[in-house]
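Subject: The structure you asked about

Hi,

Here is the structure I promised to pass on. Have a look at it first, and then read my notes underneath.

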Amino acid sequence: MTVTSSGTPTGRIRPTVLEWLKDPAAHFPAGRGRDLAATGVTARAVAAKLGLPPRTVRAHLDFLARLGVLRTRRIRCRVHYRRDEIRIAEVARMFEKGW
């Protein structure tokens with residue numbers, strides 16, 4: 001099993017990131033007085049925490065955004081990612097019904 005420098009198994013990157021984004025202020029440093037829950041977290045911040053290249057993390061985050069479980073917001077030249085709780089609940093209900 002391959003593990004990132006943060007100790008996260010590489011096959012668990014997406015669930016781990018989704019868990020961190022439930023409470024981003026507890027897992028990521030706030031910058032410039034921003035509310036991380038409202039604005040989201042950059043791929044660079046997630047990459048630094050995971051110990052992976054930003055390009056790799058951005059691919060994971062973009063995949064989750066295409067699924068609809070993350071929302072994106074561009075602030076200046078960076079994309080910020082945050083959870084879409086409504087969509088996550090919809091997806092969970094689909095799996096509970098035995099999709």
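A quick word on terms before the tally: helices here are DSSP runs of H or I with at least four residues, strands are runs of E with at least two, and both are numbered from the N terminus. Please keep in mind that this is a predicted model. On that basis the protein has 6 helices and 3 strands. Starting at the N terminus, the order of elements is α-α-α-β-α-α-β-β-α.

Some overall numbers next. The protein has 99 residues, and 34% of them are buried. Its accessible surface is about 6500 Å², with carbon and sulfur atoms contributing 52% of that. If you take the contacts with a separation of 6 or more, 44% of them join residues 24 or more positions apart.

Now for the helix packing, which took up most of my time. Three helices come up here: 1, 4 and 5.

Helix 4 and helix 5

Helix 4 covers residues 43-50 and helix 5 covers residues 54-67; their axes are 8 Å apart and the packing angle is about 115 degrees. Angles of 65 to 115 degrees count as roughly perpendicular, so helix 4 is roughly perpendicular to helix 5. The two cross in a right-handed sense. On the helix 4 side you'll find Ala43, Val46, Ala47 and Leu50, and they meet Pro54, Val57, Arg58 and Leu61 of helix 5. Sorted by class, that contact has 7 nonpolar residues, no polar ones and 1 charged.

Helix 1 and helix 5

Helix 1 (residues 13-20) also packs on helix 5, at an angle of about 75 degrees and with the axes 10 Å apart. That makes this pair roughly perpendicular too: helix 1 against helix 5. Helix 1 contributes Ile13, Arg14, Val17 and Leu18, while helix 5 contributes His60, Leu61, Phe63 and Leu64. The classes here come out as 6 nonpolar, 1 polar and 1 charged.

Helix 1 and helix 4

The axes of helix 1 and helix 4 come within 12 Å, crossing at roughly 115 degrees. Again, that puts helix 1 roughly perpendicular to helix 4. The crossing of helix 1 and helix 4 is right-handed. In this contact Ile13, Val17 and Trp20 of helix 1 meet Val46, Lys49 and Leu50 of helix 4. It breaks down into 5 nonpolar residues, no polar ones and 1 charged.

A few residues to click on

Leu50 is a good place to begin. It sits in helix 4, and with a relative accessibility of 0% it counts as buried. Leu50 takes part in the contact with helix 5 and also in the one with helix 1. Its C-alpha atom is 8.3 Å from that of Ile13, although the two are 37 residues apart along the chain.

Val57, in helix 5, can be viewed alongside it. Its relative accessible area is 1%, so Val57 is buried. Leaving out residues up to four places away in sequence, Val57 touches Ala43, Val46, Ala47, Leu50 and Leu52. Ile13 turns up here as well: the C-alpha atoms of Val57 and Ile13 are 8.6 Å apart, with their positions 44 residues apart along the chain.

Which residues does Asp84 contact, once its neighbours within four places in sequence are set aside? They are Gly68, Val69, Leu70 and Arg71. Asp84 lies in the loop between strand 3 and helix 6 (85-96). Its relative accessible area is 11%, and the cut-off for buried is under 20%, so Asp84 counts as buried.

Finally, Arg76. You'll find it in the loop that runs between strand 2 (70-75) and strand 3 (78-83). Is Arg76 buried or exposed? Exposed: its relative accessibility is 67%. What caught my eye is the backbone, as phi of Arg76 is near 55 degrees, a positive value in a residue other than glycine. Most residues other than glycine have a negative phi.

That's what I have for now. Give me a shout if you'd like to go through any of it together.

Cheers

Definitions and conventions
Residues numbered from 1 in each chain as written. Predicted model: local features only at pLDDT ≥ 70, side-chain atom pairs only at ≥ 80, totals over all residues. Heavy atoms only, no water. Axes fitted to C-alpha atoms, helices over the stretch in contact; angles between N-to-C directions. Parallel < 35°, antiparallel > 145°, perpendicular 65-115°, else oblique. Left-handed = near helix turned anticlockwise from the far one by under 90°. Contact = heavy atoms within 4.5 Å. Nonpolar A, V, L, I, M, F, W, Y, C, P; charged D, E, K, R; others polar. Buried < 20%, exposed > 50% of the residue type's maximum accessible area, 1.4 Å probe, protein only. Areas by Shrake-Rupley, 256 points an atom, 1.4 Å probe, with all protein chains shown as cover.
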